[in-house]
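Here are a few notes to go with the structure you are about to open. Have it on screen while you read, and take the points in order.

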Amino acid sequence: MKKTSDLSELQAIARTVRRDIIEMIGAAKSGHPGGSLSAVEILVTLYFDVLQHDPANPGWPQRDRFILSKGHAAPVLYSVMAEAGYTPKDQLNTLRRIGSIYQGHPDRRFIPALETSTGSLGVGLSVGLGMAEAARLDKSPSRTYVVLGDGEIQEGQIWEAAMYAGFHKIDNICAILDNNRIQLDGWVKDIMGLDPLPEKWASFGWHVIEVDGHDIVALQAAFAEAAATKGKPTILIANTVKGKGVSFMEDNPKYHGVAPTKEEVELALKEIG
Amino acid sequence: MAARYELKMGAATREAFGKALVALGRADENVVVCDADLSKSTFTHLFGKEFPNRFFSCGIAEANMVSIGAGLAASGKIAFVASFSAFVLNKGFEQLRVNVAYSGAPLKVVGTHSGISIGEDGPSQMSVEDLSLACSLAGFTVLSPADEVSMFALVKAAAYHPGPVFIRAGRVKAPVIYGPEQEFVIGKGIQLTEGNDLTFISTGLLVAECLRAAEALAAEGIAARVIDLHTIRPLDRELIARAAAETGCLVVAEEHLVDSGLGVRVAQVVSETYPCVMEFHGIQNTYAESGLPEEVMEKYKMTAKDIVVTARKALARKKA
């Protein structure tokens with residue numbers, strides 16, 4: 001896998017990942033396009049620039065850990081992992097089919113390089129804390145990155161984890177909130193509003209960075225700031241657009257969990273380019 | 001004739017668990033422990049005092065504790081999490097399912113204050129469904145040691161067992177059944193007495209009550225076999241099948257809801273091997289209440305004399 005900090009290279013990978021997401025979910029005829037598309041730049045920046053990892057040696061003890069706590073965005077993770085060389089790219093379109101390694105939600109029985117299986121919301125940040133604590137104990141440089149959904153943080157355990165990390169000053173963990181403002185039933189603000197979001201995390205002892213979650217340069221700077229922040233956990237509140245990159249999916253709650261039709265797939269691929 | 005057991009009072013199994021953790025911690029710096037503000041009750045404070053940097057105090061947040069434990073275990077630590085059974089299993093169940101069982105994290109989960117023998121604190125703290133919950137987690141090994149000797153040995157065995165393990169521990173002092181030379185192997189039950197008239201199969205605190213029940217029956221010339229199943233999953237099928245074949249009459253006794261604990265699991269093995277007369281002695285479809293432990297155990301029929309009553313029913317059916 002070739003790592004890069006180059007913007008145009010990362011943008012090109014992001015475009016490939018967007019195409020994969022549409023094609024995979026289109027082929028599967030079910031899945032979650034909106035929250036996969038909103039997290040593309042976050043995962044691409046992590047996997048191809050920020051993370052210290054080696055797809056040829058996934059068990060490397062000092063690797064950085066990555067957890068997609070919002071497991072329903074599995075397609076973005078699968079595309080990025082395939083692109084990085086962890087898994088076969090030519091099987092991406094077997095998503096959600098019986099026997100496929102690309103299960104409906106990330107399942108480490110099928111992809112051992114996954115740090116944990118996800119899909120049930122609210123638990124991934126705590127698992128990441130266990131990994132971060134293990135790294136601290138071992139004096140390992142390993143950092144742990146956990147991507148959360150904004151709807152997901154309505155789960156109570158998120159705040160148990162937030163309290164623990166702040167109190168114990170776990171500075172080798174970085175949470176990324178994919179703040180796309182839409183959940184399954186509609187707009188987050190109408191279902192269980194999260195405001196004031198930065199203040200909530202800051203009051204739990206976190207260093208909060210607000211960032212445009214589709215601006216790769218801004219994300220790179222935010223991850224660097226997170227790594228340089230000592231004595232506190234960091235959360236990136238990444239402001240994103242659900243369905244980003246496909247006009248008819250953007251900011252449209254319908255595409256939280258509905259697959260595009262054959263015609264919509266073609267339209268979307270044309271738009272992504 | 002049945003061997004006589006002195007049944008001198010020993011330590012509570014929770015205390016033996018705490019001491020085993022310390023021994024493990026001294027031998028292996030990879031051992032870590034999490035607790036949720038009950039460390040003085042679960043006896044993990046002994047470990048925490050000696051190895052503060054390997055002890056993670058999670059506050060009153062069991063769900064978070066279980067997931068943190070899963071993360072530690074997934075990173076190669078020999079990780080234990082402990083709380084009362086009622087809390088770690090009920091509040092942590094989703095985490096035990098998704099982060100531990102499904103994700104394959106080899107976490108060791110210890111639930112103390114199991115059953116109704118905790119006494120005064122009452123049903124919110126009692127756990128009458130923990131074996132059922134633990135056995136409904138795919139891939140979990142489930143242990144329920146009867147005394148301090150077996151607890152100490154099985155905690156050590158669990159530490160190096162490759163998969164996730166649940167260990168059931170009790171609050172009150174437990175009679176000592178085993179000598180220091182006894183060997184314990186996960187998945188292998190232990191036959192404590194000989195006898196071909198009936199078999200008592202039990203686990204945890206009620207093993208000692210079954211030994212007393214067997215002694216009472218022996219006075220009438222009835223020879224009862226007593227088996228300690230310290231491993232609830234995987235069950236020792238061979239030992240159960242042999243007891244069914246040789247005695248044709250089984251009484252399963254447990255400090256747990258009778259329709260979802262050890263008994264129904266033993267019945268599955270029996271029906272698949274040597275179907276025979278079976279009776280089930282446990283907590284009926286209810287929660288218990290506050291009181292002195294011995295009062296609660298008596299009121300809810302968890303004593304030897306109650307088990308004898310159930311045994312007579314079984315023997316009458318066998319004769320019929």
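1. Start where the two chains meet. In this predicted model, chain B puts 23 residues into the contact and chain A puts in 20. On the side of chain B that touches chain A, two elements give two or more residues: α4 and α6 (93-102) of chain B. The largest share, nine residues, comes from α4(B). Sorted by class, that side of chain B has ten nonpolar, ten polar and three charged residues.

2. Now cross over to chain A and find helix α6 (residues 156-167). Which residues of α6(A) are buried? They are A:Q157, A:I158, A:E160, A:A161, A:A162, A:Y164 and A:A165. What do they pack against? From chain A there are α5 (124-137), β3 (173-179) and α8 (197-203), and from chain B there is α4 (62-74). That is the α4(B) of point 1, the element with nine residues on the side of chain B that touches chain A.

3. A quick check on the length of α6(A). Counting 1.5 Å a residue, its twelve residues should span 16 Å, and the end C-alpha atoms are 17 Å apart, so the two agree. After the helix comes A:K169, which has a positive phi, near 55°.

4. Zoom out to chain A as a whole. Its secondary structure comes to ten helices and seven strands. The radius of gyration is 17 Å, close to the 19 Å that the globule rule gives for 273 residues, so chain A is as compact as a globular protein of that length. Along the principal axes, its C-alpha atoms fill a box of roughly 50 × 45 × 35 Å.

5. Staying with chain A, how much of it is buried? Buried residues make up 53% of its 273 residues. As for contacts with a separation of 6 or more, 76% of them in chain A are between residues 24 or more positions apart.

6. Chain B deserves its own look, as it is divided into domain 1 (10-175) and domain 2 (190-319). The C-alpha centres of these two domains of chain B lie 26 Å apart. Each domain gives 28 residues to the contact between them. On the domain 1 side, α7 (130-135), β6 (141-143), α8 (148-159) and β8 (173-175) of chain B each supply at least two residues. By class, the residues on that side of domain 1 of chain B are 16 nonpolar, nine polar and three charged.

Notes. Residues are numbered from 1 along each chain as its sequence is written. Chains are lettered from A and ligands numbered from 1 in the order in which they are written. This is a predicted model: local features need pLDDT of at least 70, side-chain atom pairs count only at pLDDT 80 or more; totals for chains, interfaces and linings use all residues. Helices (H or I, at least four residues) and strands (E, at least two) are DSSP runs, numbered from the N terminus. The expected span of a helix is 1.5 Å times one less than its number of residues. A residue is buried if 20 or more other C-beta atoms lie within 10 Å of its own, exposed if 12 or fewer, and partly exposed in between; C-beta atoms are placed from the backbone. Two residues are in contact if their C-beta atoms, placed from the backbone, lie within 7 Å. Domain bounds come from an automatic or database domain assignment. Ala, Val, Leu, Ile, Met, Phe, Trp, Tyr, Cys and Pro count as nonpolar, Asp, Glu, Lys and Arg as charged, and the others, Gly among them, as polar. The radius of gyration is taken over C-alpha atoms; the globule rule is 2.2 Å times the number of residues to the power 0.38.
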